[in-house]
Every structure is written in C-alpha cells, then in structure tokens.
Amino acid sequence: MIISKFSKNKGFTLVETLVAISILLIAVVGPMSLIGDALHKLYYAKDEIIAINLAQEGIEAVRQARDSNMLSGSQWMAGLTPGYYVVDVSGSPVPLLDSRPCPGLCTTEGLPVYLDVATGLYRQSATFTATQFSRIVRIENAGLGSDERRITSTVSWRTGGNSGTITVIEYIFKWALP
C-alpha cells in the first residue's frame with residue numbers, strides 16, 4: 001500500500017481564496033478612494049487661492065486708478081463711473097493693472113480670465129490660454145456723499161464637478177483734497 005504524501009487538508013479552498021481576495025480589495029480600495037477625494041480637494045483649494053487673488057487684484061486695480069488720478073491732480077474717480085469693469089494686467093517690466101468699462105452686456109457672470117503662459121500673469125484678453133475663471137468688478141456709489149465708492153470684485157470658477165465663487169467687497173474714499 002502506497003501512502004500519499006499529499007493530504008486533502010493542505011492548501012486553500014476556493015471559498016478561502018475568495019474571502020482573502022475580498023479582504024485585500026477592501027483594504028486597497030478604501031485608501032485609494034480617499035486619495036482620489038483628497039486630490040480633488042487639493043485642486044479645488046488651489047483654484048480657490050487663485051480666485052481669491054484674482055478678486056483682490058480687481059479691487060487693487062480700482063484703488064490704483066483712484067490713487068493715480070489723485071496724485072496727478074485729476075478728479076479722484078476720473079474714468080471710473082459706476083458700472084461693471086474688466087481688469088487686465090499690462091505694462092512691462094512692472095505690471096500695471098488696467099481697468100476699463102465692460103464691453104457689451106457684461107453683468108454679474110463676468111468675463112473669462114486667461115493665463116499668459118510667458119509671464120505667468122492672468123489677463124482678461126482672449127489672446128492667451130483659457131482658464132476656468134471669470135471675473136467682474138463693479139463700482140457703485142456708496143453713502144450719501146460723493147467721496148465714497150463700493151467696489152465689488154467677483155471671481156467664479158469650476159473645478160471638476162464643483163463650482164465656486166469668491167466676492168471681495170471694499171469701500172474706497174477720496175483721501176486727499178483737490
């Protein structure tokens with residue numbers, strides 16, 4: 001009689017193998033989905049930071065125009081009547097912000113913002129690379145006197161399936177006598 005060295009009790013059964021594979025899948029898929037979600041949130045946060053800076057840049061453009069007017073002896077809000085404005089970056093080697101009235105029917109949805117890849121500056125001129133951002137700056141009379149304006153800069157964007165909007169509001173004043 002020959003005794004087999006192999007026993008029926010050694011090795012894995014099909015059920016044991018399926019259970020082991022299921023446990024491994026649960027252990028791998030969970031962390032991978034968390035990583036995917038974290039990456040999406042990272043990209044959204046990056047775009048949110050860019051949007052905050054673009055919104056603040058809109059405020060700074062109006063402030064720069066006011067200061068330039070006052071330092072040159074012009075009327076403090078010359079060229080900046082209440083309404084909607086496009087803010088663009090121009091000038092070299094030091095970038096200057098340029099604000100001009102919105103063309104056509106420009107309202108709260110804003111106009112697209114483009115990236116000048118050569119300089120790394122965001123512009124509102126369609127000759128550059130399109131981005132997911134749009135921006136609009138609104139100037140309104142504030143208060144009873146004529147020495148105060150309310151500036152609202154709104155930037156909207158879309159990251160993946162999520163959209164966001166940042167609005168920065170600031171009041172500017174006539175800070176010098178004529």
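Start at the hairpin of strands E5 and E6 in this predicted model, and select Gly143, which lies in the hairpin that has 6 residues between its strands and takes a positive phi near 70 degrees. Extending the selection to both strands brings in E5, residues 129–141, as given for its pairing with E3, and E6, residues 148–159. The two strands pair in the antiparallel sense over 8 bridges, and one place to look along them is Ile136, which stands opposite Thr154 in E6.

Keep E5 on screen and add strand E3, residues 111–116, which runs antiparallel to E5 and is joined to it by 4 bridges. Two pairs of residues are worth labelling here: Tyr114 stands opposite Ala130 in E5, while Leu115 has Thr129 as its bridge partner in that strand.

Stay with Leu115 and bring in strand E4, residues 121–123. In E4 the bridge partner of Leu115 is Tyr122, so that label can be added to the view, and strands E3 and E4 pair in the antiparallel sense over 3 bridges. The hairpin that these two strands make has 4 residues between them, and in it Gly120 takes a positive phi near 80 degrees.

Next, show the aromatic side chains. The structure holds 3 aromatic pairs. For Tyr44 and Trp157, the ring centres are 5.6 Å apart and the planes stand at 40 degrees, so this pair is tilted. It links distant parts of the chain, because Tyr44 belongs to helix H1 and Trp157 to strand E6, 113 residues apart. How exposed or buried are the two partners? Tyr44 is partly exposed, with a relative accessible area of 21%, whereas Trp157, at 3% relative accessibility, counts as buried.Now move to Tyr122 and Phe133, which form an aromatic pair that is edge-to-face, with 6.2 Å from centre to centre and 85 degrees between the planes. Tyr122 sits in strand E4 and Phe133 in strand E5, 11 residues apart, and the pair is another that links distant parts of the chain. Phe133 counts as buried, at 3% relative accessibility. With Tyr44, Tyr122, Phe133 and Trp157 selected together, the view shows one aromatic cluster.

From Tyr44, follow helix H1, residues 14–72, to Asn69, which is found in this helix. Is Asn69 buried or exposed? The residue counts as buried, because its relative accessibility is 13%, under the 20% cut-off for that class. To see what surrounds Asn69, select Ser74, Gln75, Trp76, Met77 and Ala78, which Asn69 touches when residues up to four places away in sequence are not counted.

Finally, zoom out to the protein chain, which has 1 helix and 7 strands. From the N terminus on, its elements run α-β-β-β-β-β-β-β. Of the 178 residues of the chain, 28% count as buried, and the accessible surface comes to about 11700 Å², of which 64% belongs to carbon and sulfur atoms. Among contacts between residues at least 6 apart in sequence, 48% join residues at least 24 apart.

Technical notes
Residues numbered from 1 in each chain as written. Heavy atoms only, no water. Pairing = 2+ DSSP bridges. Buried < 20%, exposed > 50% of the residue type's maximum accessible area, 1.4 Å probe, protein only. Contact = heavy atoms within 4.5 Å. Phe/Tyr/Trp six-rings, centres within 6.5 Å; stacked < 30°, edge-to-face > 60°. Areas by Shrake-Rupley, 256 points an atom, 1.4 Å probe, with all protein chains shown as cover.
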